[in-house]
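Student: Could you take me on a close look at one part of this protein? I'd like to see how the side chains there meet, step by step.

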Amino acid sequence: MTARFKLPFFLALLSTLILSACSGSQTNEEASSSLPYLGRHEYVEKTVDNQTKVDTLYHQVADFQFVDQDSSLVTPSTFEGKIYIADFFFTSCPTICPVMKTQMLRVYETYKGNEQVAFLSHTIDPEYDTVALLHDYAERLGVSSNQWHFVTGEKEDIYDIGLNSYMVTAMEDEEEPGGFIHSGAFILVDKDRHIRGMYDGTDKDKVDLLIKHIDMLLKENNKNREEA
């Protein structure tokens, strides 16, 4: 017999508050050997041998389908077995995007050619950021399209996955510079599509912490492979 129940609202709110405060709590995570699972959890009761046990279901990134700078389809299967770092940006962004891309390039250079690490950048201005423009943008950065995907798609799909899967702000806002508002977060996603960390992509120290946490996830993956 299996029964499923969701967290009460106040616990979901607590998860959100923890997520909002994650950048402040991650200092303590440096001393830990395992990264937290961010987002809302669900618990599933199972009856095994007449005993009730509880499994935890962690928040996962939902299915998606976008197109990258090479006109290639990008889906969760693109990142199968890999860690990836996601963010949201737009090429004409007059504020934080240039700083974010400089910091993301540091992470890219650290793991350049590592087949276990990938990058996923979503434009939030798909009407302006065409595939051709994203291709030129990636070429100017000098990155490999096999490892770093700059994706576009339906505006509603991009905003929805930002809010509901990655739990960040990404939307149009006429009052903001450039006409959009978006988070500057770099989101660390493990091979099972769980969010394991969020980092201020404009803060060098936080991006240094991201690099440490990627190393931790790589060790976790290798350990799981050895035990499988």
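Tutor: Sure, let's start at helix 3 and follow its side chains outward to their partners.

One thing to keep in mind is that this is a predicted model. Now find Lys101, which forms a salt bridge with Asp87; their closest N and O atoms are 2.7 Å apart. Lys101 belongs to helix 3 (residues 97-110) and Asp87 to strand 6 (residues 83-89), so this pair ties together parts that are 14 residues apart in sequence. You might wonder whether these two charged residues are buried or exposed. Lys101 is buried, and Asp87 is buried too. Lys101 has another neighbour to look at: it lies over the face of Phe89, at 4.5 Å from the ring centre.

Phe89 is a handy stepping stone, since it takes us to the aromatic rings. Ring pairs link it into a cluster with Tyr108, Phe119, Tyr137, Trp148 and Phe150. Across the structure, the count of aromatic pairs comes to 13. Zoom in on one of them: the ring centres of Tyr108 and Trp148 are 5.7 Å apart and their planes sit at 40 degrees, so this pair is tilted. To call it that, you need the cut-offs: planes under 30 degrees apart would be stacked, and over 60 would be edge-to-face. Tyr108 brings us back to helix 3, while Trp148 lies in strand 8 (residues 148-151), so here the pair ties together parts that are 40 residues apart in sequence. Both residues are hidden away: Tyr108 is buried with a relative accessible area of 1%, and Trp148 counts as buried at 0%.

Right around here there's a small residue to visit as well. Ala118 is found in strand 7 (residues 117-123), and it is buried, with a relative accessible area of 2%. Leaving aside residues up to four places away in sequence, Ala118 touches Phe79, Lys82, Ile83, Tyr84, Ile85 and Gln147. You can also check its spacing to His149: the two are 31 residues apart along the chain, yet their C-alpha atoms are separated by 8.0 Å.

Now back to charges, this time with Arg106. Arg106, Lys204 and Asp208 are linked in a network of salt bridges. Within that network, Lys204 and Asp208 form a salt bridge whose closest N and O atoms are 3.2 Å apart. Those two are four residues apart in helix 6 (residues 204-227), so about one helical turn separates them. Lys204 counts as partly exposed at 46% relative accessibility, and Asp208 also counts as partly exposed, at 25%. Set that beside the first bridge we looked at, where Lys101 and Asp87 are buried.

For one more bridge, look at Lys191 and Asp192. Their side chains meet with an N to O distance of 3.4 Å. Lys191 is partly exposed, with a relative accessible area of 29%, and Asp192 counts as partly exposed at 37%. If you want to hunt for others yourself, a search of the whole structure finds ten salt bridges.

Before you go, here's a charge over a ring elsewhere: Arg196 lies over the face of Tyr37, at 3.9 Å from the ring centre. You've already met that kind of arrangement with Lys101 and Phe89.

Technical notes:
Residues numbered from 1 in each chain as written. Predicted model: local features only at pLDDT ≥ 70, side-chain atom pairs only at ≥ 80, totals over all residues. Heavy atoms only, no water. Salt bridge = Lys/Arg side-chain N within 4 Å of Asp/Glu carboxyl O. Buried < 20%, exposed > 50% of the residue type's maximum accessible area, 1.4 Å probe, protein only. Contact = heavy atoms within 4.5 Å. Phe/Tyr/Trp six-rings, centres within 6.5 Å; stacked < 30°, edge-to-face > 60°. Lys NZ or Arg CZ within 6 Å of the ring centre and 35° of its normal.
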